[in-house]
Amino acid sequence: MKHELVIGNKSYKKADKLESLSMFKGQLYETIVTTQSKESIKNAAPIGVICKDSNHVVIHLDNCVHTHQNIIENGELIVNITKDPLIFTYSTIGELDEEYFGEYDGFPMIRDSLGFFKAHAIRTIEKKRENDYNDGIGNVVTCKVDSIYISDNNEIVPLNRAMNAVIESLVYYCRFDHKYKDIQKEIWTHMKELNRVCQKVGNESEKQSMKLILDKMRENHDYLE
């Protein structure tokens with residue numbers, strides 16, 4: 001790694017591959033994607049990013065979000081790695097305040113992010129997706145990574161949806177016969193959905209963990225499908 005970059009009070013070093021951000025092929029990570037409109041209006045939104053290989057990612061966009069419109073219009077985005085719950089919350093329920101934004105190469109990014117990469121769209125496919133907004137119509141966008149930066153003196157571990165699914169399922173497992181006694185059917189349905197996500201985007205350990213949890217649930221409760 002080389003080429004130091006300073007944004008605000010944080011220093012970054014340039015990297016060559018997404019693996020430097022602990023992002024690995026086939027896995028889905030929870031990130032904050034920053035974009036801007038033609039009028040240079042900043043936008044930030046939580047977006048799941050699938051690592052396709054060392055220098056490409058895939059994102060699924062719904063027609064109802066500003067992020068979608070901005071990427072379709074100019075094709076540019078920055079994917080920010082952060083674990084700040086307030087940034088995820090504010091960017092979901094409203095607009096992110098100016099104080100959270102920094103700037104890289106004239107483009108908005110998340111100030112104090114653990115790492116980030118700028119990318120541009122190289123292919124956009126309209127696709128109908130189940131359980132989505134606007135009757136499931138959205139776009140699957142493949143992006144090429146242009147530049148990657150990681151913060152100095154920080155171990156980068158981006159949020160992984162599959163790992164989150166394992167932890168959430170373990171909580172349900174421990175509380176299934178107590179706290180969730182009256183809504184076991186609903187909880188079991190949700191656990192199966194968590195398993196679906198994990199089997200799709202998790203690594204082998206995460207997939208095995210989910211299988212063990214569900215198998216043990218079925219063993220302990222023979223009425224579960």
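Modeller: Before we start, a residue counts as buried under 20% relative accessible area, as exposed over 50%, and as partly exposed in between. By that definition D215, at 34% relative accessibility, counts as partly exposed, and please keep in mind that this is a predicted model.

Colleague: Okay, and which residue does D215 meet in a salt bridge?

Modeller: The side chain of D215 meets that of R218, with N to O at 3.7 Å, and both residues lie in helix α5, 3 residues apart, which is about one turn of the helix. R218 counts as partly exposed as well, at 32% relative accessibility.

Colleague: Which residues are joined into one network by salt bridges that share partners?

Modeller: Those are E76, D105 and K118, which are joined into one network in that way.

Colleague: Back to helix α5, how far apart are K207 and E204 in it?

Modeller: K207 and E204 are 3 residues apart, about one turn of the helix, which spans residues 204-220, and their side chains meet in a salt bridge at 3.8 Å, N to O. E204 is exposed, with a relative accessible area of 58%, whereas K207 is partly exposed at 21%.

Colleague: New topic: what does E30 form a salt bridge with?

Modeller: E30 pairs with R161, and their closest N and O atoms are 2.3 Å apart. This pair links distant parts of the chain, since E30 is in strand β3 (residues 28-36) and R161 is in helix α3 (residues 161-175), 131 residues apart.

Colleague: Is E30 buried or exposed?

Modeller: E30 counts as buried, because its relative accessibility is 16% and the cut-off for buried is under 20%. R161 is partly exposed, with a relative accessible area of 32%.

Terms used: Residues numbered from 1 in each chain as written. Predicted model: local features only at pLDDT ≥ 70, side-chain atom pairs only at ≥ 80, totals over all residues. Heavy atoms only, no water. Salt bridge = Lys/Arg side-chain N within 4 Å of Asp/Glu carboxyl O. Helix = DSSP H or I, 4+ residues; strand = E, 2+ residues; numbered from the N terminus. Buried < 20%, exposed > 50% of the residue type's maximum accessible area, 1.4 Å probe, protein only.
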